[in-house]
Amino acid sequence: MAAVGLYNYWIVVFLMMAGFYIVIAHDNLVKKIIGLNVFQASMFILYITFGKVQGGTAPIIAEGITTYSNPLPHVLILTAIVVGVATTALGLALVVRINEAYGTIEDDEIHVQDEES
Amino acid sequence: MSGGTAVAFAIGLPLFGTILILLNDRYPNIREGITITTSICLALVVFGLVPEVTSGGRPGFVLAEIVPGLPIAFKVEPLGMLFAMVASGLWVVTSIYAIGYMRSHHEVQQTRFYACFAIAISSAMGICFAGNMLTLFIFYEVLTISTYPLVTHSESKDAVKAGRTYLGILIGTSIAFLLLAIIWTWFLTGTLDFTPGGILKGKADGPILGILLFLYMYGIGKAALMPMHRWLPAAMVAPTPVSALLHAVAVVKAGVFTVLKVIVYIFGIDTLAGIGQDDWLMYIAAFTVIAASCVALTKDNLKARLAYSTVSQLSYIILGAALANSLGIIGGGMHIAMHAFGKITLFFCAGAILVASHKTEISEMDGLGRVMPFTFIFFLIGSLSVIGLPPLGGSWSKWYLMLSAAEAGQIIFMFVFMLSSLLNIAYLMPLVARGFFAEAKDNAKILKETHSEKVNFWNGIRIGNIREAPPFCIFAMAITSTGCILLFFYADKIYRLLAPVAGIQG
Amino acid sequence: MTEHLPALQVVIPLLCAPICMLVRYRDWSWVVALFGSWASLAIAWVLLQQVIATGTISYHMGNWAPPLGIEYRIDLVNAFVLLIVSAIAAVVTPYARESLRTEFGSNRIYMFYTAYMLCLCGLLGVTITGDAFNLFVFLEISSLSSYVLIAMGNDRRALTAAYQYLVLGTIGATFIVIGIGLLYAETGTLNMVDLAKRLADQPLSRTIGAAFGFLVVGISLKLALFPLHLWLPNAYTYAPSVVSAFLAATATKVAVYVLLRFLFTVFDVELSFGFMPLDTILFVLAVIAMFAASAVAIFQTNLKRMLAYSSVAQIGYMILGISFANVNGLAAGVLHLFNHALIKGGMFLALGCIFYRLATVNINDMAGMGRRMPWTMAAFVVGGLGLIGVPLTVGFISKWYLVLGALERDWWLAAALVLISSLLAVVYVWRVVEVAYLKPIPENATKIEDAPPAMLIPTWLLIGASIYYGINTELTVGVAKQAAQQLLGVS
């Protein structure tokens, strides 16, 4: 099983770090939000991976099936996705307003404008 | 009224007076009348407690418990009684003096002045009557904060800077050192009540008690132990009534009073003597006595000279306490009363000189004694008391302090006291001598100015060649000088009042 | 009816939010918000009395039994926090009407109160819930609405401040949810009490360790523990005055509560402080926060920013108390949670009064303020005395227990550091006092009056409470001590 079988978790780690990096490294406000989304997506995959039971199917009751994957993490993820969507929407709304106020959505240019005022 | 109620009255009366003063902002005469009436009532209440205390009673009462297990509690005992008598009695006199001074000087913000004064006296009463260290600490801090507006009264740049030094040192030492010592004591013993014999006996080892003593002594910044003394000269920027009452009587005496209470009721005289950890305190106190006197010699500004003299005299009391024997406690306690009267007289004179002749530097005061004879005679009386010559009260306290040094086997401190007396003569007597006998450099100019200046009741007195301070001020100075003399004869009563504190029977 | 109070505590503000959205006539949405906050306070008070009298309350949402159903579990700690959050809301809402007149467009006021009610609902929900994932959901509700509230500030920098808070806050929340997920993977449950039981039975594994790490870091971001505090100064400075007061007094306090809940209830003391040297880590970070943040506060010219850095320092005190992990230390942390909310809330309200008249809170414009707005500045100074820890204020009581907690642990250095850092507070408070009282009023200063009673009364309610609870400490110290004992599992 070892490391190769755990490739889901490797993806989680990769996405988490990639998302984090995007947030920190880029100055463009929209890109930061995209990075945040990637970061959150890693968290979704983590939960979904927890939910999978070896040999289980989708958690919908059907004749002749005895092993189901755990439905609870799916529910939790749905909630988390909604939270993520709300966050993204709010973030983008803020970016629109910032653009109106500053004329730019690059963090460094905003800094410069703030310093001048 | 019962003892407990009287104590509550003593603390609450000045606060009530504050409210009345604030309400009468527009009516100066009523406002001043309230100050005088409140001070007289307070003095009556305080002196009314004396019989109960001298016969062994310890009246008091308990307020809220702000930390569970630690109430705000009041309990009168002889040391506190003495300090309260001094403070309340001198408040009456200072109020009289202040009225004369503030009006002739046309000072601003007089309502704020009288109101803060009243709050300061109330907190001083709280300190006098505190039954445990927490209560004392609370009122100690309130005293610092309520005197800040008094120190920075003139709102000038110098006053603001001085206020910073004042507040910085006093709050800094009290929070960083004193509060730590208090909480530590509570942690070690589970109580903070003032108990005869002390509460720290056997609760901690010698070195720990030594550190605790260090924290207490330097935490009590108001006692002006060097190097925490800078706030005293800085506070001289305040108007003279403030310097007189607060820095000759209330604030500094609260400091050394706290030192005495801590040594007698928290450590216990025997515990302190037993741990042998207080040598450093004796030496630093002695150093302060001499060093401050030497600095006083170099100061030309009269109030600055008196400020350093105060620093020196305060360390008399600390040294007496540090000697850890009963005579030291009695001498220290007595010195609270003697020095208060002597120093307040000197400060009153300094203020009178400022108001009448607008002079602050001693070098300019040659021959001024002939223009202001009453002031200079009162200054002479006050000086003799501070120097410690009979028949002035100061001689008794110095006598007991020297005896205490002898009893502790520390002859060197006897010499310190004697040397200090010589230094006192050196920095106090020249003013008197030159005032009366020296040729005035510009007396003619003063006389010409004063003849042309309009002099009214609030401004001063002018009779012939004499141009004196306002009558209210003269009256106040007369009372305190008489007090210096009378205390010489009352020293015995003070001894008997303080005897139980020091553990002396009878 | 009373048995459903735990649910109503959250549901009432939650319902008030859409009602505010619909009520667009003038500022009647304010009336709805007022009802919502006052009702919450009443419920929180009743709940606290109930907990004191009969012990922990357990409410099953929808009658589904835990650990599968969501449980609202109220013991002394969260009853206390519920009280302070709802009390602050109840005092701030009457103030908001007048204050927002100058700071916010009047035809969109209903939007403000909608977000405000959502924020309150979220904070109360975080406090009252006994389910870990439910906690995350409410945490995000409160966070998202607070981003909105902050962005409503006048200055355009409010937008960037809200954005920065959004990014950092979301990272923090995501860490928290990863931690919860890892815990779920290890134990199979989300109910906090059940988690505690199952974690106690299991040996320590890397999963639990990782979960612990993610949770602590995520929560630390939300409570602005140094060095994860970077979002706080901008957020508090540029938000509307009401929002600064409300958030400063509640948001970080609730995050401290979450930390307490996870460190002591879910993971018990041995795990939290044995597995990693968390006490040392928290101690070091707290001390740095106390000194560095206070030092930075001294040099700020914008008074709101000064108070924001002061808040970071005060949070350091709370975390310091927690790092002691003994009854006195924890009690000090819980106590300071309450006390600081009163003090900071009051001081921010006072600054709001000044902003209402002056349209600025720069210290250079404050000359002579003590005479121009006497009641307001007096409130600010009394609050400042509480920050310093002068006796007779609540700040003194917190410091007392902090030093006691340090002494119990033989950490003399910590005791001294607590007191010395208070001296830094003296400097930054006294800067304001000197300018306001000892500088003359400039000649060209506009003539202003003191703030209107609608704003002064709430300010003085909070500041008065900071004195009252500094003298009558029966309720606060009693509850804090018992709560600390409950958390530590000692009697």
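Guide: A polar contact is a pair of N or O atoms within 3.5 Å; within protein, one atom must be able to donate a hydrogen and the other to accept it, and residues adjacent in sequence count only if both atoms are side-chain atoms. This is a predicted model, in which local features need pLDDT of at least 70 and side-chain atom pairs count only at pLDDT 80 or more, while totals for chains, interfaces and linings use all residues. Residues are numbered from 1 along each chain as its sequence is written, chains are lettered from A and ligands numbered from 1 in the order in which they are written, and side-chain values use heavy atoms, with hydrogens and water left out.

Visitor: What makes the pair A:Asn28 and A:Val30, at the start of helix 3 of chain A, a polar contact?

Guide: A side-chain oxygen of A:Asn28 comes to within 2.9 Å of the backbone nitrogen of A:Val30. Set against the limit of within 3.5 Å for N or O atoms, the pair therefore qualifies.

Visitor: How do you know what span helix 3 of chain A should have?

Guide: The expected span is 1.5 Å times one less than the number of residues. For the 23 residues of helix 3 of chain A this gives 33 Å, and the end C-alpha atoms lie 34 Å apart, so the two agree.

Visitor: Which secondary structure does chain A contain?

Guide: Chain A has 5 helices and 0 strands, both being DSSP runs numbered from the N terminus (helices H or I, at least four residues; strands E, at least two). Along the sequence the pattern reads α-α-α-α-α.

Visitor: Why is chain A called more spread out than a compact globule?

Guide: The radius of gyration is taken over C-alpha atoms, and the globule rule is 2.2 Å times the number of residues to the power 0.38. For the 117 residues of chain A the rule gives 13 Å, whereas the value is 20 Å, well over it; chain A is therefore called more spread out. Its C-alpha trace spans about 70 × 30 × 10 Å along the principal axes.

Visitor: What does the globule rule say of chain B?

Guide: A compact globule of 506 residues would have a radius of gyration near 23 Å; chain B has 22 Å, so the value agrees with the rule. Chain B holds 20 helices and 4 strands.

Visitor: How many residues of chain A and chain C are in contact?

Guide: Counting heavy atoms within 4.5 Å as contact, 34 residues of chain A meet 29 residues of chain C. The buried area, which is the accessible area (1.4 Å probe) lost on putting two parts together, summed over both, is about 2800 Å², with 80% from carbon and sulfur atoms. A:Tyr47, A:Leu90 and A:Leu94 supply 18% of what chain A buries there, more than any other three residues.

Visitor: What makes C:Arg371 and B:Glu155 a salt bridge?

Guide: The term requires a side-chain nitrogen of Lys or Arg within 4 Å of a carboxyl oxygen of Asp or Glu. The closest N and O atoms of C:Arg371 and B:Glu155 are 3.6 Å apart, and the pair therefore meets the rule. Between chain C and chain B the count is 2 salt bridges, whereas across the interface of chain A and chain C it is 0.

Visitor: Which helix gives the most to the side of chain C that touches chain B?

Guide: Helix 18 of chain C does, with 12 residues.
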